[in-house]
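User: Please take a close look at one part of this structure: how its strands pair up, and what lies around them. I am new to this and would like short steps.

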Amino acid sequence: MFAVLKHLFKLQFLIILIAVFAGIYYPQILEKIKSLIFEISSSSDNEPIAVKFSAENDIQLFSKAALAKFNGENEDEPIYLSILGSVYDVSKGRKHYGTGCSYSYFAGKDASKSFITGEFQEFDENSDDVMALKPSEVLSLYDWKKFYDKEYIFKGLSIGRFYDKNGAKTEYHHKLDAIANQALEDKITSNKNLEAYPSCNIEWSEKTGTRVWCTDQSGGKKRDWIGFPRKYYEAGKEDYRCACIETSELNSPNLKPYENCDPLSRTCFYKVE
Ligand code: HEM
């Protein structure tokens with residue numbers, strides 16, 4: 001009897017010790033358990049992994065292999081595609097993305113670059129590498145993503161270039177966001193400039209060379225003034241464009257008159273040698 005009590009006491013002591021230990025190291029233990037669970041669930045590379053993003057939201061993370069299963073080859077399975085690391089169910093567009101259809105190339109993968117280059121033949125591990133695109137092209141790619149947000153069902157994120165295995169945005173993605181934001185600002189500025197400095201009409205003939213001229217609606221902007229053609233060097237751009245300029249703006253430093261053209265003529269001619 002005494003021996004049994006002694007054992008029970010030892011057991012109780014051990015439990016208290018474990019509880020104290022767990023209390024002190026609880027966060028580390030929790031992290032360890034979480035990473036263990038993650039390792040176990042990602043050991044099967046073929047299935048999407050559900051990761052808790054917030055109390056209400058689980059999000060599916062797709063490895064390349066898990067995404068590839070939704071490539072449209074099986075008529076009974078949905079079709080998924082990924083753009084900028086976001087995965088969409090595009091099954092309702094099966095006539096575009098189904099096997100043998102015009103855009104089947106995009107099914108079951110992230111081929112973000114091809115949305116801009118239009119190259120739908122060869123897919124490789126760089127088909128989602130969009131860093132070499134021009135800023136304006138990066139912006140167009142973000143517009144494509146907006147299209148999928150609007151038209152199709154968001155299913156989760158693909159692990160790789162744009163999101164890591166915890167579903168966090170990669171450095172690469174943050175860098176791309178910055179490029180897209182800058183491109184958007186430049187576009188807004190450029191549009192404002194087009195309003196303030198509307199483009200000239202332009203035509204070319206072998207005999208006379210290039211002719212630029214202003215009317216009260218050149219550049220697609222109906223207005224109550226006509227303006228004079230000037231070479232307009234927009235900030236941040238190497239080249240100039242022909243803009244119609246109001247009298248009050250003629251001395252602006254980023255405007256240059258056309259050579260051999262009266263500064264107050266509505267039409268100028270020039271030849272590119
Ligand atoms: C960079 C080049 C291009 C890309 C990335 C592209 C991509 C796409 C995609 C993804 C769709 C399916 C949209 C959806 O889910 O509803 C689509 C549809 C379509 N594309 Fe393209 N496309 C390109 C060039 C072209 C060109 C050059 C033409 C015409 C000559 C064209 C004609 C069409 C047509 C007619 C549709 C179907 C529209 C509909 O039925 O709703 N595309 N394109």
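Analyst: Start with one rule: two strands count as paired if DSSP finds at least two bridges between them. Keep in mind that this is a predicted model.

Now apply the rule. Strand S7 covers residues 209-213, and four bridges join S7 to S11. Four satisfies the requirement of at least two, so S7 and S11 are a pair. The two strands run antiparallel. One of the contacts is easy to find: Trp213 has Thr267 in S11 as its bridge partner.

Next, look at the other partner of S7. Five bridges join S6 to S7, and this pair is antiparallel too. Here Asn201 has Trp213 in S7 as its bridge partner. Trp213 therefore has a bridge partner in each direction, Asn201 and Thr267, under the pairing rule. S6 and S7 also form a hairpin, with three residues between them.

Put the pairs together. The result is an open sheet of three strands in the order S6-S7-S11, with antiparallel pairing. Which strands stand at the edges? They are S6 (201-205) and S11 (267-270). Each has a single partner strand, so one side of each lacks a neighbour in the sheet. Neighbouring strands are turned against each other by 20° on average, with direction ignored.

Side chains add a link within the hairpin. Side chains of opposite charge can pair when their charged atoms come close. Glu203 sits within the range of S6, and Arg211 within the range of S7. Their side chains meet in a salt bridge, at 3.2 Å from N to O. Are these two residues buried or exposed? Neither label fits: Glu203 is partly exposed at 40% relative accessibility, and Arg211 is partly exposed at 23%.

That salt bridge has company. The count for the model comes to eleven. Among them is the link between Lys222 and Asp216, at 3.3 Å. Lys222 is exposed, with a relative accessible area of 60%, whereas Asp216 is partly exposed at 28%. Shared partners also join Lys92, Lys150 and Glu151 into one salt-bridge network. Asp177 and Lys169 make another salt bridge, at 2.6 Å. In that pair Asp177 is buried at 17%, while Lys169 is partly exposed at 35%.

Now step back along the chain from S6. Tyr197 lies in the loop between helix H6 (171-196) and S6. Its relative accessibility is 9%, so Tyr197 counts as buried. What is the separation between the C-alpha atoms of Tyr197 and Ala243? It is 5.5 Å, although the two residues are 46 apart along the chain.

Ala243 leads to another strand, S9 (residues 241-245). Five of the five residues of S9 are buried, so the strand is largely enclosed by the rest of the structure. In a regular strand the side chains alternate between the two faces of the sheet. S9 shows two sets: Arg241, Ala243 and Ile245 point one way, and Cys242 and Cys244 point the other way. All of them are buried. The partner of S9 is strand S8 (residues 228-232), joined to S9 by five bridges in an antiparallel run. Within this pair, Tyr232 has Arg241 in S9 as its bridge partner.

One last stop lies elsewhere in the chain, at the ligand. Its iron atom has a single donor from the protein, the OH of Tyr103, 2.0 Å away. Tyr103 is in the loop between helix H3 (94-97) and helix H4 (114-117). H3, H4 and helix H5 (135-151) each supply at least two residues of the shell around the ligand. The residues of that shell include His96, Phe115 and Trp144. Two tyrosines approach oxygen atoms of the ligand: a polar side-chain atom of Tyr97 lies 2.5 Å from one, and a polar side-chain atom of Tyr152 lies 2.6 Å from one.

Terms used:
Residues are numbered from 1 along each chain as its sequence is written. This is a predicted model: local features need pLDDT of at least 70, side-chain atom pairs count only at pLDDT 80 or more; totals for chains, interfaces and linings use all residues. Side-chain values use heavy atoms; hydrogens and water are left out. Axes are lines fitted to C-alpha atoms, for helices over the stretch in contact, and angles run from 0 to 180 degrees between N-to-C directions. A salt bridge is a side-chain nitrogen of Lys or Arg within 4 Å of a carboxyl oxygen of Asp or Glu. Buried means under 20% relative accessible area, exposed over 50%, partly exposed in between (1.4 Å probe, protein chains only). Donors are N, O and S atoms within 2.8 Å of the metal (3.2 Å for Na, K and Ca); water is not among the atoms, so sites may look incomplete. A residue is near a molecule or strand if one of its heavy atoms lies within 4 Å of it. A polar contact is a pair of N or O atoms within 3.5 Å; within protein, one must be able to donate a hydrogen and the other to accept it, and residues adjacent in sequence count only if both atoms are side-chain atoms.
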